[in-house]
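Welcome to this guided tour! Open your viewer, get comfortable with rotating and zooming, and follow the stops below.

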Amino acid sequence: MALRHIALRTRDLEKTRRFYMEHLGLREPFTHPGMLFLETPRGQDLLNFIQVKKRVDPAAGGLDHFGIHVAPRRFAALQTRLRAAGVKVVGRRGRTSIYIRDPNGYTVELYAD
């Protein structure tokens, strides 16, 4: 397993894009409607910003979820193990991504795509 990305809320994708690209040297490896994905120079991890309409209050926390990549050959076995442990899946994205909540209430995406 490997931590692959962290998703944060933003009201202004363009302002966020400019800040991270111009000031920190990140690049945009691909586009997705309503989201911004930024890659570090080594290209092994991503910052994902999700556009929201409501004001983001950093003091209240802006974390949406973080993702952990799972080797595709291990994905089915991991799901079986989680089910056996009583961990509930709270969301899905296709056949290669599930969302669970950790004991703190954070949403964790486990994906194999």
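How many salt bridges does a search of the whole structure find? The search finds seven. Keep in mind that you are looking at a predicted model.

**Stop 1: helix H1**

Select residues 13-24, which form helix H1. At 1.5 Å a residue, its twelve residues should span 16 Å, and the end C-alpha atoms are indeed 16 Å apart, so the two values agree.

Now colour Leu-13, Thr-16, Arg-17 and Tyr-20, the buried residues of H1. They sit on the same side of the helix, because they cover an arc of only 105° around its axis. Show the surroundings too: strand S1 (2-10), S3 and strand S4 (46-51) are among the parts that cover these buried residues. Then turn to the face of H1 that points away from the buried side, where you will meet the exposed residues Lys-15, Glu-22 and His-23.

Visit both ends as well. At the start of H1, look for a side-chain oxygen of Asp-12, which comes to within 3.2 Å of the backbone nitrogen of Glu-14. After the helix comes Gly-25, with a positive phi near 75°.

**Stop 2: from the helix to the loop**

Select Arg-17 again, together with Glu-28. These two form a salt bridge, with their closest N and O atoms 2.8 Å apart. Arg-17 belongs to H1 and Glu-28 to the loop between H1 and strand S2 (31-32), so the pair ties together parts that are eleven residues apart in sequence. Is Arg-17 buried or exposed? Its relative accessible area is 19%, so Arg-17 counts as buried, the cut-off being under 20%. Glu-28, at 21%, is partly exposed.

**Stop 3: from the loop to a strand**

Next, pick Arg-27 and Glu-39, whose salt bridge has its closest N and O atoms 2.6 Å apart. Arg-27 is in the loop between H1 and S2, while Glu-39 is in strand S3 (residues 35-39), so this pair ties together parts twelve residues apart in sequence. Arg-27 is partly exposed, at 46% relative accessible area, whereas Glu-39 is buried, at 10%.

**Stop 4: further along the chain**

Finally, select Arg-93 and Glu-109, whose side chains meet in a salt bridge (2.8 Å, N to O). Which parts of the chain does this pair link? Arg-93 is in the loop between strand S6 (89-92) and strand S7 (97-101), and Glu-109 is in strand S8 (residues 107-111), 16 residues apart. Arg-93 is partly exposed, with a relative accessible area of 38%, but Glu-109 is buried at 3%.

Definitions and conventions. Residues numbered from 1 in each chain as written. Predicted model: local features only at pLDDT ≥ 70, side-chain atom pairs only at ≥ 80, totals over all residues. Heavy atoms only, no water. Salt bridge = Lys/Arg side-chain N within 4 Å of Asp/Glu carboxyl O. Helix = DSSP H or I, 4+ residues; strand = E, 2+ residues; numbered from the N terminus. Buried < 20%, exposed > 50% of the residue type's maximum accessible area, 1.4 Å probe, protein only. Expected span 1.5 Å × (residues − 1). Arc of directions from axis to C-beta. Contact = heavy atoms within 4.5 Å. Polar contact = N/O pair within 3.5 Å; in protein donor to acceptor, adjacent residues only side chain to side chain.
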